[in-house]
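Me: I would like a close look at a single part of this protein. Please take one helix, go through how it sits among its surroundings, and then place it in the rest of the chain.

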Amino acid sequence: MNDWTTSHDRVLAQRNAEGWMFLIEAARDLRTTGAVAPSGKALARALTDPVRAQAPRPLAVLEAGAGTGAVTRTLIPELPRASRLDIVEPNPRFAARLRRLVTTHPDLAARPAQVNVHQTYVEQLDSDQRYDVIVSGLPLTNFPPVQVGRIMARYMELLHPGGTLTYFAYLGTRKARALTASRAEARRHAAVDEVMAAYQHTYATGRWTVWANLPPAYVWHLQRPLVSAHRDQLEPQTDRASR
């Protein structure tokens, strides 16, 4: 057996283990896990585009809701030297897996202090750090609208002026929920949509469709303004494209 075969088998085993772990946690609490499978490579790459766009200067990056690390593994090799990555994950089993990923990732062998895992909720993150990029894997459409508002406000507070928030939303969830959800659940989902639409209207700089994911997803980029401005005075341009 050659080295390539051994490495390939190891990657497949890791993905299978990750998939099973994700399913187990989704069965425990689908509301906060948000999906039944980790993000695919295409979605992970789209979410981490703002990091590549700002390289090679050192960056402060926050990943919220990292899960089993599907996006984290794409993110770490993209970090410019002397960058900082804070990973926030409230699920204790996911957080333990992320810490193992950080301690064993070959790209971090010479710079382990660059990456820290915080087992907490992002809206409870106690930090004065401001970030150039925030990558969100949180299932925002699963949360109450008040909590979504707190999370989004915290994201904007944590960003440097000019910093970018990147997050995703699955395609077709509104229609699917309309067919299967109770009236109360449909109202909750509509209220979350209103919260997100307000932030998109004010801060969005782009939206992309990632078809090569299960299920397909939109990836949004939102940017904190360089100067404070009233929402009605902002005129973000939303560039729509396909991947």
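Reply: What follows takes helix 7 as the part to look at, then turns to some single residues elsewhere.

The model is a predicted one. The protein has 243 residues, of which 46% count as buried, and it contains nine helices and eight strands. Of the contacts with a separation of 6 or more, 75% are between residues 24 or more positions apart. The accessible surface is about 12,800 Å², and 54% of that surface belongs to carbon and sulfur atoms.

Helix 7 covers residues 145–158, which is 14 residues. At 1.5 Å a residue, helix 7 should span 20 Å, and the C-alpha atoms at its ends are 20 Å apart, so the expected and modelled spans agree.

Which residues of helix 7 are buried? They are Gln147, Val148, Ile151, Met152, Arg154, Tyr155, Met156 and Leu158. The buried residues of helix 7 pack against four strands and one helix: strand 1 (60–64), strand 4 (131–136), strand 5 (159–170), strand 7 (217–223) and helix 9 (183–203).

The packing with helix 9 can be described further. Two packed helices are described by the angle between their axes and the distance between the axes. For helix 7 and helix 9 the angle is about 20° and the axes are 9 Å apart. Because angles under 35 degrees count as roughly parallel, helix 7 and helix 9 are roughly parallel to each other. Helix 7 passes helix 9 in a right-handed crossing. On the helix 7 side, the contact is made by Pro145, Val148, Gly149, Met152, Ala153 and Met156. On the helix 9 side, Arg188, Ala191, Val192, Val195, Met196, Tyr199 and Tyr203 take part. Val148, Met152 and Met156, which are among the buried residues of helix 7, are also among those in contact with helix 9.

Strand 4, one of the elements packed against helix 7, holds aspartate 132. Is this residue buried or exposed? Aspartate 132 has 12% relative accessibility and therefore counts as buried, since the cut-off is under 20%. Leaving out residues up to four places away in sequence, aspartate 132 touches Gln54, Arg57, Pro58, Leu59, Ala60, Leu159, His160, Gly163 and Thr164.

Several loops have backbone features to note. Most residues other than glycine have a negative phi, and most peptide bonds are trans. Alanine 55 and proline 56 are joined by a cis peptide bond with omega about 10°. Proline 56 lies in the loop between helix 4 (49–54) and strand 1, and strand 1 packs against the buried residues of helix 7. A cis peptide bond also joins leucine 214 and proline 215, where omega is about -5°. Proline 215 is in the loop between strand 6 (204–210) and strand 7. Alanine 82 has a positive phi of about 70°, although it is not a glycine. Alanine 82 is found in the loop between helix 5 (70–75) and strand 2, and at 64% relative accessibility it counts as exposed.

Proline 90 is in the loop between strand 2 (84–88) and helix 6 (92–104). Proline 90 is partly exposed, with a relative accessible area of 26%. Proline 90 and histidine 118 are 28 residues apart in sequence, and their C-alpha atoms are 7.8 Å apart in space. Beyond its neighbours within four places in sequence, proline 90 is in contact with Gln119, Thr120 and Tyr121.

Note on methods: Residues are numbered from 1 along each chain as its sequence is written. This is a predicted model: local features need pLDDT of at least 70, side-chain atom pairs count only at pLDDT 80 or more; totals for chains, interfaces and linings use all residues. Side-chain values use heavy atoms; hydrogens and water are left out. Helices (H or I, at least four residues) and strands (E, at least two) are DSSP runs, numbered from the N terminus. Buried means under 20% relative accessible area, exposed over 50%, partly exposed in between (1.4 Å probe, protein chains only). Contact means heavy atoms within 4.5 Å. Accessible areas come from the Shrake-Rupley method with a 1.4 Å probe; for residues, only the protein chains shown count as cover. The expected span of a helix is 1.5 Å times one less than its number of residues. Axes are lines fitted to C-alpha atoms, for helices over the stretch in contact, and angles run from 0 to 180 degrees between N-to-C directions. Angles under 35 degrees count as roughly parallel, over 145 as roughly antiparallel, 65 to 115 as roughly perpendicular and the rest as oblique. A crossing is left-handed if the near helix is turned anticlockwise from the far one by less than a right angle, and right-handed if clockwise.
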